[in-house]
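Biologist: I've never looked at this one before. Could you walk me through a few spots, one question at a time?

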Amino acid sequence: MATTPFLVVLVAMAVLACAQHTSAADFAGGSRKSGQTPFSPTQKWRFLIPTGAVLTQPAVLPNGNIVAGSSAGRMVAVKPDGSQVWNEYTGPVISSPAVALDGTVYFGSQDKSLYALTSAGSLKWKFSTGLAVVGEPKVLVDGRIVFGSRDGFVYALNSAGVQQWRFQTGGEVRGGVGALRDGSVVFGSLDGKLYCIDSSGNKKWEYDAGAEIASTPLVQDVTIVFGTRAASGISAKIIALKMDGSHKWTINASGDVDTAPVEGSASVVYVTDAAGKLYAIQPDGTLLWRYVAGASLTAPTMCNGQVLFGSQNKYVYGIASDGRLLWKFAAGKRVRSQPRCIASGSKLQVYFGSNDHHIYSIEVA
């Protein structure tokens, strides 16, 4: 019996789909499933914020103190030994803090404000918007602070808290901002567009991704990488654009990509999603490998050649650039706080928060 052309096409499509699916290696569980991990994490201390989950990425001040916010409305600073320095009420905080060169701490609150605190914890100023500020603010090289609000605007303030410009999008702005060398900024909106705005607040270009964007864009040398959420009948995506806003490549993700990508050596990009996967992608868009951790993941952090991230399965992971599990550490509850890492020789000092109301300090050696 002769094979119909239609059947040949179907078989060819199935073979191609299989080849594409298996072109990248998947790792999960142990060190390439061997169960062996070459690094050992040790808890140094944990600091309790009595009420509220710690969802923000901790920041480190110039004096070495660590600051983090709580969903119950506290912004706290602790010394490197885990003892409290100050504890201020600011309204519920899920926006990670950004630290300026002078030690000023900037962060958003669900009370609709952006706060500026001194390194000693006193209020310098706060700026009100129309809705909650949930994305991390960006401190530009000229000292301006750029951030988005769920009111649909992106704001630029000077270091005194005075508005320089604001730009309106068609949806909520939940992610952070990426900065280009010429002073322009890029950011996404739930209206499905990625915007590029010049230093005066004027639109240079926009890219329609066709799905909500809640991730913070990564700005590389010649590429901008960001993620989207799944839409009706459309999977979530990891998208790369050229600097003029034209499309470069796209990779489908298994879950919403609300996190910020990070760049490693050789310009490899690492991205996490809500389905519990870490993706390693070459500059040309080739998927190198995926690590399957399970449960929704935080944004990744690069530290001394390792990719660090937290998971809602309550673990924090350290992954090698080839996809091997190097170590993992169990917190008391879910980890929705992106790890902060300081490398000292071969040792890593890692700070993160947990839904168990604690800030953790662990050493990895």
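**A strand and its neighbours**

Modeller: Sure, and keep in mind that this is a predicted model. Let's start with strand β16 (residues 185–188): V185 and F187 point one way, V186 and G188 point the other way, and all are buried.

Biologist: Which residue of β16 does G178 stand opposite?

Modeller: Start with the pairing: strand β15 (residues 178–179) and β16 are antiparallel and share two bridges. The hairpin they make has five residues between the strands, and G183 there takes a positive phi near 90°. Across from G178 in β16 you'll find V186.

Biologist: And on the β17 side, which residue stands opposite F187?

Modeller: β16 runs antiparallel to strand β17 (residues 193–197), with four bridges joining them. This hairpin has four residues between its strands, and G192 in the turn has a positive phi of about 90°. Facing F187 from β17 is Y195.

Biologist: Is C196 buried or exposed?

Modeller: The cut-off for buried is under 20% relative accessible area. C196 has a value of 0%, so C196 is buried.

**The disulfide**

Biologist: Which cysteine is C303 joined to?

Modeller: A pair counts as a disulfide when the sulfur atoms are within 2.5 Å, and by that rule there is one disulfide. Its S to S distance is 2.1 Å, and the partner of C303 is C341.

Biologist: How many residues apart in sequence are the parts that this pair ties together?

Modeller: Both C303 and C341 are buried. C303 belongs to strand β27 (residues 301–303) and C341 to strand β31 (residues 340–344), so the pair ties together parts whose separation in sequence is 38 residues.

Biologist: Why is the disulfide called left-handed?

Modeller: Look at the bond between the sulfurs of C303 and C341. The disulfide is left-handed because the torsion about that S-S bond is about -65°.

**A serine in a loop**

Biologist: Which backbone atom does the side chain of S337 reach at 2.6 Å?

Modeller: S337 sits in the loop between β30 (325–330) and β31. S337 is buried, at a relative accessible area of 0%. Leaving out residues up to four places away in sequence, S337 touches several others, including V54, P58, T298 and F352. Its side chain reaches the backbone nitrogen of G353 at 2.9 Å, while the atom at 2.6 Å is the backbone oxygen of T56.

Methods:
Residues numbered from 1 in each chain as written. Predicted model: local features only at pLDDT ≥ 70, side-chain atom pairs only at ≥ 80, totals over all residues. Heavy atoms only, no water. Buried < 20%, exposed > 50% of the residue type's maximum accessible area, 1.4 Å probe, protein only. Pairing = 2+ DSSP bridges. Polar contact = N/O pair within 3.5 Å; in protein donor to acceptor, adjacent residues only side chain to side chain. Contact = heavy atoms within 4.5 Å.
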